[in-house]
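Biologist: I'd like a close look at one part of this model, with the rest of the chain as background. Could you walk me through it?

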Amino acid sequence: MFGGDEANISKLLHLPTGTIGIVTGVIGIFICAVVVLKVVPDEIRSRFIITGIISSGIGYLLWFEWVGPILIP
């Protein structure tokens, strides 16, 4: 379930595999919540969230399905 750099760092620090991944995930959720609730004005908050979801999906498709396999085979 856990992989990548975070799992490797956890192993190097002799921690359970998902420790660093969970900690960085919680920090990321906290930062996103602060930005959405404190920085983005109320009148554009829903538009900000919707465009973020749509652009994340488009970015995923562009990189992992179309452009990424061409540039990094």
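Is tyrosine 60 buried, partly exposed or exposed, and what is its relative accessible area?

Modeller: Tyrosine 60 is partly exposed, at a relative accessible area of 46%. The scale here is: buried under 20% relative accessible area, exposed over 50%, partly exposed in between, with a 1.4 Å probe and protein chains only. Before going on, some housekeeping: this is a predicted model, where local features need pLDDT of at least 70, side-chain atom pairs count only at pLDDT 80 or more, and totals for chains, interfaces and linings use all residues. Residues are numbered from 1 along each chain as its sequence is written, and side-chain values use heavy atoms, with hydrogens and water left out.

Back to the tyrosine. A pair of aromatic rings is described by the distance of the centres and the angle of the planes. The structure holds one aromatic pair, and tyrosine 60 makes it with phenylalanine 64: the centres are 4.9 Å apart, the planes meet at 40°, and the pair is tilted. For the cut-offs, rings of Phe, Tyr and Trp (its six-membered ring) pair if their centres lie within 6.5 Å; planes under 30 degrees apart count as stacked, over 60 as edge-to-face and the rest as tilted. Phenylalanine 64 counts as exposed, at 52% relative accessibility.

Both rings sit in helix 3 (residues 45–71), four residues apart, which is about one turn of the helix. Helices (H or I, at least four residues) and strands (E, at least two) are DSSP runs, numbered from the N terminus. Helix 3 also carries valine 67, which is partly exposed at 34% relative accessibility. From valine 67 to cysteine 32 it is 27 Å in space, C-alpha to C-alpha, and 35 residues in sequence.

Arginine 45 forms a salt bridge with aspartate 42, with the closest N and O atoms 2.8 Å apart. A search of the whole structure finds just that one salt bridge, meaning a side-chain nitrogen of Lys or Arg within 4 Å of a carboxyl oxygen of Asp or Glu. Aspartate 42 is exposed, at 59%.

Now for the background. The chain has three helices and zero strands, reading α-α-α along the sequence. Its radius of gyration is 17 Å, well over the 11 Å that the globule rule gives for 73 residues, so the chain is more spread out than a compact globule. That radius is taken over C-alpha atoms, and the rule is 2.2 Å times the number of residues to the power 0.38. The C-alpha trace spans about 45 × 35 × 15 Å along its principal axes, and 11% of the 73 residues count as buried.

One last stop is histidine 14, in the loop between helix 1 (5–12) and helix 2 (19–39). Histidine 14 has a phi near 60°, a positive value in a residue other than glycine, and counts as exposed at 76% relative accessibility.
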